[in-house]
Amino acid sequence: MKKKTSIKGNANTLLTISSLYSSMTKAEKKVADTVLNDPEAAVHYTVTDLSEKAGVGETSVIRFCRSLGFSGYHEFKLSITVTVLNAVKAETEEEVEEGDYPLSIMNRVTAIHTKVMADTRALLDPKSLMQAAEWLLSGKRVHFIGVGSSGITAQDAYYRFMRLGLPVTVQQDAHIIAMSASLLGKDDIVFGISTSGSTKDLVDPIKKAKASGATVICLTSHARSPITQVADAILLVPTKESPLQGGALSTKIAQIQAIDMLSAIVESLSRERTSEAIMKTANAVADKLY
């Protein structure tokens, strides 16, 4: 039986991989090469992504993680994330002068968000956006659902489409999502939001709603995730979210940009209906302002 080499407490997982490389199997070396060649990208890979990049099966990836002493892929990914973040932090501390520090951070964050918006525009499929818009307009009721940070995006989507006059609901609680999804049928539209596309509290209820005839639209960052397997329309946005950055603002910006594009299409397809709703909702809160 092959003995596992524990790396608990080791601050640099990449160095550990290098040190154990010669004793790895051929498949494990392929995984190791993929991680070592671009660790910053590897931080964002799902187990499926890494297996495809390395050209091995998912079981080989899991075996690789366990040979390093991890309980599974998630624990390994967290360790890689810490290693990468520590390296970036050290690099930043060396290069940024004290007096320039706030400005350099401002510029870096702006550059990141600008790139995210450009990548979102490039990644979103116009046909999928149009199909989603048509379904939103034709559904008896549209149900926006998401948990955690994606639940906040669901709230934003609800607010935007409610103001356009669409019959919408929003749910963020896992139990309520499960119960409400069980009551949906063929005239309902389910709009699931999940960065990973693998959140069980979201995917399982969506599967039940789909089985009952509901139409499913998903907003996610992983094209081959479980949620995309049941979705009728897939809105794909980029993410640079590591395991330690759940709800990263850059991902939120990408999601909101997609929602904004979709709502603009809905508005243009039903100008009279949406204009009337916008006017009514604006007048409803007019006396709330000084």
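**Reading packing and salt bridges**

Trainee: Leaving aside its neighbours within four places in sequence, which residues is Ser51 in contact with?

Mentor: With those neighbours set aside, Ser51 touches Val56, Gly57, Glu58 and Val61. Keep in mind that this is a predicted model.

Trainee: Where does Ser51 lie, and is Ser51 buried or exposed?

Mentor: Ser51 is part of helix α4. Its relative accessible area is 6%, and a residue counts as buried under 20%, so Ser51 is buried.

Trainee: Let's turn to helix packing. How are two packed helices described?

Mentor: Two values do the job: the angle between the helix axes and the distance between those axes. Here, helix α2 (residues 26–37) packs with helix α4 (residues 47–54) at an angle of about 105 degrees, and their axes are 9 Å apart. The two helices are therefore roughly perpendicular to each other.

Trainee: Which residues of α2 and α4 meet?

Mentor: From α2 come Lys30, Val31, Thr34 and Val35, and they meet Leu50, Lys53 and Ala54 of α4. Sorted by class, this contact has four nonpolar residues, one polar residue and two charged ones.

Trainee: Now the charges. When can side chains of opposite charge pair?

Mentor: They can pair when their charged atoms come close. This structure holds seven salt bridges. One of them joins the side chains of Arg160 and Glu267, at 3.4 Å from N to O. Arg160 sits in helix α9 (residues 149–163) and Glu267 in helix α12 (residues 249–269), so this pair ties together parts that are 107 residues apart in sequence.

Trainee: How do Arg160 and Glu267 count by relative accessibility?

Mentor: Arg160 has 27% relative accessibility and counts as partly exposed, whereas Glu267 has 17% and counts as buried.

Trainee: Which residue does Arg271 form a salt bridge with?

Mentor: Its partner is Glu267, and the closest N and O atoms are 3.9 Å apart. Arg271 counts as partly exposed, at 48% relative accessibility.

Trainee: What about Glu276 and Lys280: where do they lie?

Mentor: Both are in helix α13 (residues 271–284), four residues apart, which is about one turn of the helix. Their side chains meet in a salt bridge, 3.3 Å from N to O. Glu276 is partly exposed at 44% relative accessibility, while Lys280 is exposed at 53%.

Trainee: Which residues are joined into one network by salt bridges that share partners?

Mentor: Arg160, Glu267 and Arg271 are joined that way. You can trace the links through Glu267, which bridges to Arg160 and to Arg271.

Definitions and conventions: Residues numbered from 1 in each chain as written. Predicted model: local features only at pLDDT ≥ 70, side-chain atom pairs only at ≥ 80, totals over all residues. Heavy atoms only, no water. Axes fitted to C-alpha atoms, helices over the stretch in contact; angles between N-to-C directions. Parallel < 35°, antiparallel > 145°, perpendicular 65-115°, else oblique. Contact = heavy atoms within 4.5 Å. Nonpolar A, V, L, I, M, F, W, Y, C, P; charged D, E, K, R; others polar. Buried < 20%, exposed > 50% of the residue type's maximum accessible area, 1.4 Å probe, protein only. Salt bridge = Lys/Arg side-chain N within 4 Å of Asp/Glu carboxyl O.
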